[in-house]
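User: Could you take a close look at one part of this model for me, the second largest pocket, and then tell me how its surroundings fit in?

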Amino acid sequence: MLNQIVHGEKTDLPPLLIVHGLYGSGRNWGVIAKRLSDSRQVIAVDQRNHGFSPWHDDHDYESMAEDLARVIEAKGAPMDVLGHSMGGKAAMVLALKYPSLVNRLVVADIAPVPYGHSQLQYIKAMRAVDLDEVEKRSDAEAQLRALVDDPILPTFFTQSLDVAQKRWRLNLDALERDMDKILSFPNLDGRFDGPTLFLSGAKSDYVKREDRPHVKMLFPQAKFAKIPDAGHWLHAEKPREFEAAVRAFLT
């Protein structure tokens, strides 16, 4: 079973399952999860090979969707599901394969299509950190800033660093080996007829207008919205606007 961070108590509203993206963890979503838990229970998971969840040799979307299905079945179906980036793809596969487990679906800045950009440079950067020289997270952040251009990412990555044990809480070997699967999207026959929101950053190009017909084939009720002045990390760049959009859609 995936590691879970539970916020709030069960109410008459469906619980919300939050699924983080590549190199992330459930704790990345702490502030938003806590705020959304004022009206429903919110469960943020660590996906396989991330955080405190078990490590596996395989890292594909069918396996990730099965992990999420087990959590929902154990906690009570159906749930509303919110997934960002890789987590959005896992959430989409969950909805397509197990539609009875999902009430409403929010997909944050990702589409059900393959992408050409690699994320391997970040694995290389994390491996380059001299963990023997790290006494606190800021030490690792300083090393990463010399290796990573995006100013948001060093802080984000080090939330998955176990400083005391001097190790990453990421199965970098498995993620590197299955990077092609992470960047792709499986060819599935199913479709999800429930309400679905594709919420994107206005400055991001992850969800293109030309992808919408394909999205609509898989998710006939799909709606599209953008958060102004936000990029791919829309929930971190514009957390209040992101929360408001998610809250409005779910209620």
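**The second largest pocket and its surroundings**

Analyst: Helix 1 is the top contributor to the lining of the second largest pocket, giving three residues. Keep in mind that this is a predicted model. Helix 1 isn't alone, though: helix 6 and helix 10 also put two or more residues each into that lining. As for volume, the second largest pocket comes out at about 260 Å³. Its lining counts 13 residues, and the ones nearest the centre are N28, W29, Q159, H235 and A236. Sorted by class, you get eight nonpolar and five polar residues, with no charged ones in the lining.

W29 is a good one to follow outward from here. Its ring pairs with that of F242 in a tilted arrangement, with 5.7 Å between the centres and 55 degrees between the planes. In sequence the two are 213 residues apart, so to speak at two addresses: W29 is in the loop between strand 2 (16-19) and helix 1 (30-36), while F242 belongs to helix 11 (residues 239-250). Both W29 and F242 are buried.

Now for the largest pocket. Its volume is about 470 Å³. There are 33 lining residues, and S85, Q119, Y206, H232 and W233 are the closest to the centre. Two or more residues each come from helix 3 (86-97), helix 4 (120-128), helix 6 (153-158), helix 8 (179-183) and helix 10 (234-237). Here helix 6 gives the most, with three residues. So which elements turn up for both pockets? Helix 6 and helix 10 are listed for the largest pocket, and they are listed for the second largest pocket as well. On chemistry, the lining of the largest pocket has 15 nonpolar, 14 polar and four charged residues, whereas the lining of the second largest pocket has no charged residues.

W233, one of the residues closest to the centre of the largest pocket, also has aromatic company. Ring pairs join W233 with Y23, Y122, F156 and F157 in a cluster. Across the model, the count of aromatic pairs comes to eleven. Besides the W29 and F242 pair, F198 and F219 make an edge-to-face one, at 5.8 Å centre to centre with 65 degrees between the planes. F198 sits in strand 8 (residues 196-201) and F219 in the loop between helix 9 (212-218) and strand 9 (222-227), with 21 residues separating them along the chain. Both F198 and F219 are buried.

Two arginines are worth a glance if you're interested in charges over rings. R212 lies over the face of F224, 4.3 Å from the ring centre. R104 does likewise with F249, at 5.0 Å from the ring centre.

Finally, there's the enclosed space. The structure holds one cavity of 30 Å³ or more, and the largest cavity has about 40 Å³ of space. L36, S39, R40, R247, L250 and T251 line the largest cavity. By class that lining is evenly split, with two nonpolar, two polar and two charged residues. L36, in that lining, falls within helix 1 (30-36), and L250, also in that lining, falls within helix 11 (residues 239-250). That brings us back to helix 1, which gives three residues to the lining of the pocket you asked about.

Notes: Residues numbered from 1 in each chain as written. Predicted model: local features only at pLDDT ≥ 70, side-chain atom pairs only at ≥ 80, totals over all residues. Heavy atoms only, no water. 1 Å grid on protein atoms, 1.4 Å probe; cavity = no way out; pocket = protein on both sides within 12 Å on 5 of 7 lines; lining within 4 Å. Points joined across faces, edges and corners; volume = space filled by probe spheres on them. Nonpolar A, V, L, I, M, F, W, Y, C, P; charged D, E, K, R; others polar. Phe/Tyr/Trp six-rings, centres within 6.5 Å; stacked < 30°, edge-to-face > 60°. Helix = DSSP H or I, 4+ residues; strand = E, 2+ residues; numbered from the N terminus. Buried < 20%, exposed > 50% of the residue type's maximum accessible area, 1.4 Å probe, protein only. Lys NZ or Arg CZ within 6 Å of the ring centre and 35° of its normal.
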